[in-house]
Amino acid sequence: MALKSFIEIGPDSHFPIQNLPFGIFKPEPTSPPRPGVAIGDYVLDLSTISVSGLFDGPFLSGSDCFLQPNLNKFLALGRPAWKEARATLQNLLSADEAKLRDNPNLRDKSLVPMSKVEMLLPIAIGDYTDFFSSMHHARNCGIMFRGPENAINPNWFQLPIAYHGRSSSIVVSGTDIIRPRGQGHPSGNSPPYFGPSRKLDFELEMAAVVGPGNELGKPVDVNEAEDHIFGLVLMNDWSARDIQAWEYVPLGPFLGKSFGTTISPWIVTLDALEPFACDAPKQDPQPLPYLAEKISKNYDISLEVQIKPAGQEDSCVVTRSNFNHLYWTVTQQLAHHTINGCNLRPGDLLGTGTISGPEPESYGCLLELTWNGQKSLSLNGTTRKFLEDGDEVVFSGCSKGDGYKVGFGTCSGKILPSP
């Protein structure tokens, strides 16, 4: 029999009892931040559950990890503690368990309507790395800028390419993004352009949240990397294409990326996503032994991007993609990140890179959808080549089970004009 909660949850909810994603929220504007899990239209306050003594298993009994303003301490405890928390919460919220269901006082204190809470960044992000793991995205960008004969550099098929990003400008969904200013390619013999970006773009990504880290000098085995990943979030790697194009040789992205990155507030655990695991694409050539996985898997997560043009009420779907299009898996990304001895820490964020599929309607950014502005995208009677001030971009993602969904909610941001 399917697991069922005593809380009424519709079939289209992203947050059934099968999911239980973790986040950080404030029930009132003046409240201190605290951990919670999403269940239907409610947030379960884990600080209240913890103080009530309901986390009584061997890993969480007596722990203050749910009395913290972020999830880092919980992440550091590792998979046994995560599994214990998930089992405890699923039991507590199930239709057959009376502890919470039949305790109106505890229910009133611990279940907060989602419409009343303020969501915050779920983790303190010490470091942020962004990968380049979609072959379709890599090929499209290569064709655009180097031509079809040299679309993907040979090293791309040997290792997960990445750059080190800026964690200070990662913001939670719903935060406005100010159009960045910077330099662009000069025209002829003129000086470089300087001013607000003329080619502001979104990038449809997801990101892995690191749990236990590794000691400096001690790499993580690729077949043990899953134990170092707590879960996934949606991520919008906002990109100023004109700034990026002028600055990226020879050291890669800088100001074209570091002005803002948005993540969704709820971290969906790998345990919740396990029913939706699927085979990763066959890798040719075979990766080197340190990247060769005994089981190489992705997850079947349907992804969608909508744009609500400035001044309009209705949004328009511009792309539909899937997490399973990634060539390099998140576990390969993590193992490669540590192979030189680099130490990861709880709360570190590893972006996947833009997730594009093989068809034009599955391209994960405007750079690809408009082929670098060569064609226009039609949106509710207006057109776009790149984002304009006032445009709002909304990502959503979910996996579809039998009569339920395991979803991420939304990841949104609106473009404000450059000052």
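The following questions and answers concern a sheet and two pockets in a predicted model.

Q: Why is strand β2 called mostly covered?
A: A residue counts as buried when its relative accessible area is under 20%. In β2, residues 34-39, 6 of the 6 residues are buried, so the strand is described as mostly covered.

Q: Which residues of β2 point one way, and which the other?
A: Arg 34, Gly 36 and Ala 38 point one way, while Pro 35, Val 37 and Ile 39 point the other way. All of these residues are buried.

Q: Why are β1 and β2 said to pair?
A: Pairing requires at least two bridges between the strands. Strand β1 (residues 22-26) is joined to β2 by 4 bridges, and the two therefore qualify as a pair. They run antiparallel, and Ile 24 stands opposite Pro 35 in β2.

Q: What makes β2 and β3 a pair, and what lies between them?
A: With at least two bridges needed, the 4 bridges between β2 and strand β3 (residues 42-45) satisfy the criterion, in the antiparallel sense. Ile 39 stands opposite Tyr 42 in β3. The two strands form a hairpin with 2 residues between them, and Gly 40 in the turn has a positive phi of about 60°.

Q: What is the strand order of the open sheet, and why do β4 and β5 stand at the edges?
A: The 5 strands follow the order β4-β3-β2-β1-β5, with antiparallel pairing. β4 (111-113) and β5 (118-120) each have a single partner strand, so one side of each lacks a neighbour in the sheet. From one strand to the next, the twist averages 45°.

Q: Which residues are closest to the centre of the largest pocket, and which elements supply its lining?
A: The largest pocket holds about 1,000 Å³ of space. Of its 39 lining residues, Phe 132, Cys 141, Gln 244, Tyr 248 and Pro 253 are the closest to the centre. At least two lining residues come from each of β6 (128-131), α6 (135-146), β7 (162-164) and α7 (241-247); α6 gives the largest share, 6 residues.

Q: How do the residues lining the largest pocket divide by class?
A: The lining has 18 nonpolar, 11 polar and 10 charged residues.

Q: What volume does the second largest pocket have, and which residues line it?
A: Its volume is about 260 Å³. Among its 17 lining residues, the closest to the centre are Leu 3, Lys 4, Ile 9, Gln 18 and Gly 403. By class, this lining has 8 nonpolar, 5 polar and 4 charged residues.

Terms used: Residues numbered from 1 in each chain as written. Predicted model: local features only at pLDDT ≥ 70, side-chain atom pairs only at ≥ 80, totals over all residues. Heavy atoms only, no water. Buried < 20%, exposed > 50% of the residue type's maximum accessible area, 1.4 Å probe, protein only. Axes fitted to C-alpha atoms, helices over the stretch in contact; angles between N-to-C directions. 1 Å grid on protein atoms, 1.4 Å probe; cavity = no way out; pocket = protein on both sides within 12 Å on 5 of 7 lines; lining within 4 Å. Points joined across faces, edges and corners; volume = space filled by probe spheres on them. Nonpolar A, V, L, I, M, F, W, Y, C, P; charged D, E, K, R; others polar.
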